[in-house]
Amino acid sequence: MSGHSKFANIKHKKEKNDSAKGKIFTKLGREIAVAVKEGGPDPNSNSRLKDIIAKAKSNNMPNDTIDRSIKKAAGDANAVNYELVTYEGYGPNGIAIIVEALTDNKNRTASNVRNAFTKGNGNVGTPGCVSFMFDKKGQIIIDKEECSLEADELMMIALDAGAEDFAEEEDSFEVLTDPDSFSVVREALETAGIPMVQADVTMIPQTWVALTNEQDIKMMNRTLDLLDEDDDVQEVYHNWDE
């Protein structure tokens with residue numbers, strides 16, 4: 001994993017999102033709607049909703065916008081039904097890509113995702129073709145500059161709460177959890193007043209692949225940009241060591 005800075009990628013992604021707040025809020029609104037439908041509108045009894053609210057706040061989504069999304073999802077019996085669909089495939093030079101989408105029209109989403117892969121010289125594969133190369137983990141990233149605790153103190157809080165692993169990087173700390181323990185660990189850090197740059201259940205590559213050919217890099221970026229522009233697409237995971 002040498003040379004791969006998760007923190008740098010997160011900052012870059014957030015800067016891109018800052019210029020398209022409406023789009024990221026739309027995606028978060030869909031996540032909130034699905035969580036409310038599955039577990040109800042009270043975050044105290046719906047840990048998934050509580051995690052998404054924390055994620056929304058980390059993306060600077062205003063509290064009143066979050067509240068409106070919850071009330072809308074809870075009160076509208078005719079609300080759009082979003083279905084989670086996952087696509088797997090390959091980008092240039094065999095880069096593994098997983099796409100998670102929430103959609104009310106699977107045909108539209110499948111067509112758009114396939115188009116994004118094709119335009120980047122990649123292809124959509126069969127379910128399971130690349131997911132075995134990733135581990136599903138709760139991942140919490142903390143900016144060193146924003147954290148007043150020493151690494152040892154922070155590590156003890158995380159491990160005591162049930163974290164699996166703790167890593168210190170040049171500019172950040174990373175806490176990894178089992179997906180089932182994620183909510184408990186995130187809440188423990190939140191209670192301790194630790195600001196989190198990112199906190200989510202994610203897919204972490206077991207190995208990273210570098211791209212050295214300029215055309216491959218251009219094509220990979222094209223695929224990622226097209227997927228990012230699609231309102232149905234919620235998350236994109238890949239093993240490109242940018």
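This short talk goes through some salt bridges in the structure above, and then one buried aspartate.

First, a caution: the model is predicted. How many salt bridges does the structure hold? The count is 15. I will take three pairs, then a network.

The first pair is Asp231 and Lys23. Their closest N and O atoms are 3.0 Å apart. This salt bridge links distant parts of the chain, with the two positions 208 residues apart in numbering. Asp231 sits in the loop between α8, residues 214-229, and β8, residues 233-238. Lys23 belongs to helix α2, which runs over residues 21-39. Are these two residues buried or exposed? Neither word fits. Asp231 has 31% relative accessibility, so it counts as partly exposed. Lys23 also counts as partly exposed, because its relative accessibility is 28%.

The second pair is Asp200 and Lys55. Their side chains meet in a salt bridge, at 3.0 Å from N to O. Again the pair links distant parts of the chain, here 145 residues apart. Asp200 is in strand β7, residues 198-205, while Lys55 is in helix α3, residues 47-58. Why do both count as buried? The cut-off for buried is under 20% relative accessible area. Asp200 has 11% relative accessibility, so it counts as buried. Lys55 is at 11% as well, and therefore counts as buried.

The third pair stays within one helix. Asp64 forms a salt bridge with Arg68, and the closest N and O atoms are 3.6 Å apart. Both residues lie in helix α4, residues 63-75. They are 4 residues apart, which is about one turn of the helix. Asp64 has a relative accessible area of 44%, so it is partly exposed.

Now the network. Which residues are linked in it? They are Glu31, Arg48, Lys55, Asp200 and Glu235, joined by salt bridges. Lys55 and Asp200 are the buried pair from a moment ago.

Last, the aspartate I mentioned at the start, Asp232. Where does Asp232 lie? It is in the loop between α8 and β8, the loop that also holds Asp231. Asp232 is buried, because its relative accessible area is 3%. What is Asp232 in contact with, once its neighbours within four places in sequence are left aside? The list is Arg30, Glu100, Ala101, Leu102, Thr103, Arg108 and Thr109.

To recap, Asp231 is partly exposed, whereas Asp232 is buried. That is the end of the talk.

Definitions and conventions: Residues numbered from 1 in each chain as written. Predicted model: local features only at pLDDT ≥ 70, side-chain atom pairs only at ≥ 80, totals over all residues. Heavy atoms only, no water. Salt bridge = Lys/Arg side-chain N within 4 Å of Asp/Glu carboxyl O. Buried < 20%, exposed > 50% of the residue type's maximum accessible area, 1.4 Å probe, protein only. Contact = heavy atoms within 4.5 Å.
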